[in-house]
Amino acid sequence: MHLHGIRIPKRPTLRAREAEKKLLLLLGDKKWDSSAPLPTVRSLGEQWGVNYATISRLFQRLVREGLVWQHPNGRFFPAHAGSQAAEGLPIVVLGRQIQNWSRLYQEIIEGVSENCCALGCPLLFLSSDKLVSHKSPELPPAFASRKTQTTELQRLASTMPRLCAGLLLDHLWDEEVILRHSFPSAPRFLLARASRQEDLLSIAPDFAAGARLILQHLNRSGCKRVYLGVPFRGDRAVDVAGETLCAEAANGGFPKVESLDCSTPAERKSAITRIARLKTRAAIFCTEDNVTSLLWQGLCNAGLQSSNQISLVSMQGTGAIHQPITRLRYDYRQLGRDAVTAVIERRRTNLVFGPKLILGKAAST
């Protein structure tokens, strides 16, 4: 029905409302306490005298509400039976080649593997050697263009099993490229950064909480200026972490955050020289752990590692950074485990993980 060009949704018919009541009663029936599938859409439609499409829409709404779980083969189960029904279905990870794993991805995949094993779901890892290349830890990595990503996703999608529990996607994949592709009917989760697309779920660190933790610490310790050490451009998770820091610093009353290019040995040396000239206490946030370590080496080489005027803070949050550098710590292994749980449970909300702040002098908050 339309009114002046506005579509007015149809009111459910009496039969549809009765079918909904019967379906909810069926879900509450103790008969379905087991992991057995619910009756088929066709059989319920015939039994209740309702169009199959109406029953299907009811089921899909209950799936969105978390009351019903749908198997990739189309059958519906009570929500509590989802983990049992998913047993044997593979979890597919679409990511970079193992040679290009960062410490962050190593931790995530360890968690994914642990939970796949615990839940009886095989782990299938499909990788692209073009998603990222990193010839030297001293230099910035190179990331695939959208065109290359499109070609690579087409190649990987052609090798995927028809039935799978869900897809876990490396955060380097472009969201629009992902959404243009046809994948098996299963939840898709972007790993390690928040998605900007409603149809693409994500499980990510809470960068804002991390920035606030560090800024509060620096404020208490008398820091007057904050600089953003930019390790490289093109990694959306790293870029977002830096953008979030700048926003939180402005909210916290710090002067505008200036960026320092830290992508090459020469640029890191120049950044350290610039910071060393300051007369006030300052801090460098670096949003990638490997480059933070290289900055620390540069400070040591310049004899500034013990200076009370300069603080170096790592923001990425892996286990690659140790004392005496102040750093965030995110539990990426738990992120991997929870990503698998979210896929199996068909959890429809975006998830974030809070950090801990580890101070350079062994204190912890």
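# Exercises on helices, strands and charge pairs

In helix 3, the buried residues are Thr 54, Ile 55, Leu 58, Phe 59, Leu 62 and Val 63. Buried means under 20% relative accessible area, exposed over 50%, and partly exposed in between (1.4 Å probe, protein chains only). Helices (H or I, at least four residues) and strands (E, at least two) are DSSP runs, numbered from the N terminus.

The model is predicted: local features need pLDDT of at least 70, side-chain atom pairs count only at pLDDT 80 or more, and totals for chains, interfaces and linings use all residues. Residues are numbered from 1 along each chain as its sequence is written, and side-chain values use heavy atoms, with hydrogens and water left out.

## Exercise 1: two helices

Task: Compare the end-to-end spans of helix 3 and helix 1 with the expected values. Then find what covers their buried residues.

Solution.

Step 1. The expected span is 1.5 Å times one less than the number of residues.

Step 2. Helix 3 has 13 residues and should span 18 Å. Its end C-alpha atoms are 19 Å apart, which agrees.

Step 3. Helix 1 covers residues 14–28, 15 residues in total. From first C-alpha to last it reaches 21 Å, close to the expected 21 Å.

Step 4. Sort helix 1 by burial. Ala 16, Ala 19, Leu 23, Leu 26 and Leu 27 are buried. Down the axis these buried residues fall within an arc of 95°, so they line one face of the helix. The arc is that of the directions from the helix axis to the C-beta atoms. On the other side, Leu 14, Lys 21, Leu 25 and Gly 28 are exposed.

Step 5. List the contacts (heavy atoms within 4.5 Å). The cover over the buried residues of helix 1 includes helix 2 (41–48), helix 3 (52–64), strand 3 (68–70) and strand 4 (76–78). The buried residues of helix 3 pack against helix 1, helix 2, strand 3 and strand 4.

## Exercise 2: salt bridges

Task: Take three salt bridges and state which parts of the chain each one links.

Solution.

Step 1. Fix the criterion. A salt bridge is a side-chain nitrogen of Lys or Arg within 4 Å of a carboxyl oxygen of Asp or Glu. The structure holds 20 of these salt bridges.

Step 2. Arg 61 and Glu 20 meet at 2.5 Å, N to O. Arg 61 lies in helix 3 and Glu 20 in helix 1, so the pair ties together parts 41 residues apart in sequence. Arg 61 is partly exposed at 27%. Glu 20 is partly exposed at 25%.

Step 3. Arg 337 and Glu 114 form a salt bridge at 2.7 Å, N to O. This pair links helix 12 (residues 332–344), which holds Arg 337, to helix 5 (residues 103–119), which holds Glu 114; the two residues are 223 apart. Relative accessible area is 22% for Arg 337 and 38% for Glu 114.

Step 4. Arg 225 and Glu 258 meet at 2.9 Å, N to O. Arg 225 is in strand 12 and Glu 258 in strand 13 (residues 258–261), 33 residues apart. Glu 258 is partly exposed at 30%.

Step 5. Look for shared partners. Glu 110, Glu 114, Arg 333 and Arg 337 are joined by salt bridges into one network.

## Exercise 3: paired strands

Task: Trace the pairing from strand 12 through strand 14 to strand 15, and check burial.

Solution.

Step 1. Two strands pair if DSSP finds at least two bridges between them.

Step 2. Strand 12 and strand 14 run parallel, joined by five bridges. Tyr 227 has Ile 284 as its bridge partner in strand 14.

Step 3. Strand 14 (residues 282–286) and strand 15 also run parallel, with five bridges. Ala 282 has Ile 310 as its bridge partner in strand 15.

Step 4. Five of the five residues of strand 15 (residues 310–314) are buried, so the strand is largely enclosed by the rest of the structure. In strand 14, five of five are buried too.

Step 5. Sort by direction. In a regular strand the side chains alternate between the two faces of the sheet. In strand 14, Ala 282, Ile 284 and Cys 286 point one way, Ala 283 and Phe 285 the other. In strand 15, Ile 310, Leu 312 and Ser 314 point one way, Ser 311 and Val 313 the other.

## Exercise 4: a buried acid

Task: Where does Asp 289 lie, and which residues does Asp 289 touch?

Solution.

Step 1. Asp 289 is part of helix 11 (residues 289–301).

Step 2. Asp 289 is buried yet has no salt bridge. Lys and Arg count as positive and Asp and Glu as negative; His and the chain ends are not counted. The nearest side chain of opposite charge, Arg 329, is 6.9 Å away.

Step 3. Leaving out residues up to four places away in sequence, Asp 289 touches Ser 314, Gln 316, Gly 317, Thr 318, Ala 320 and Ile 321.
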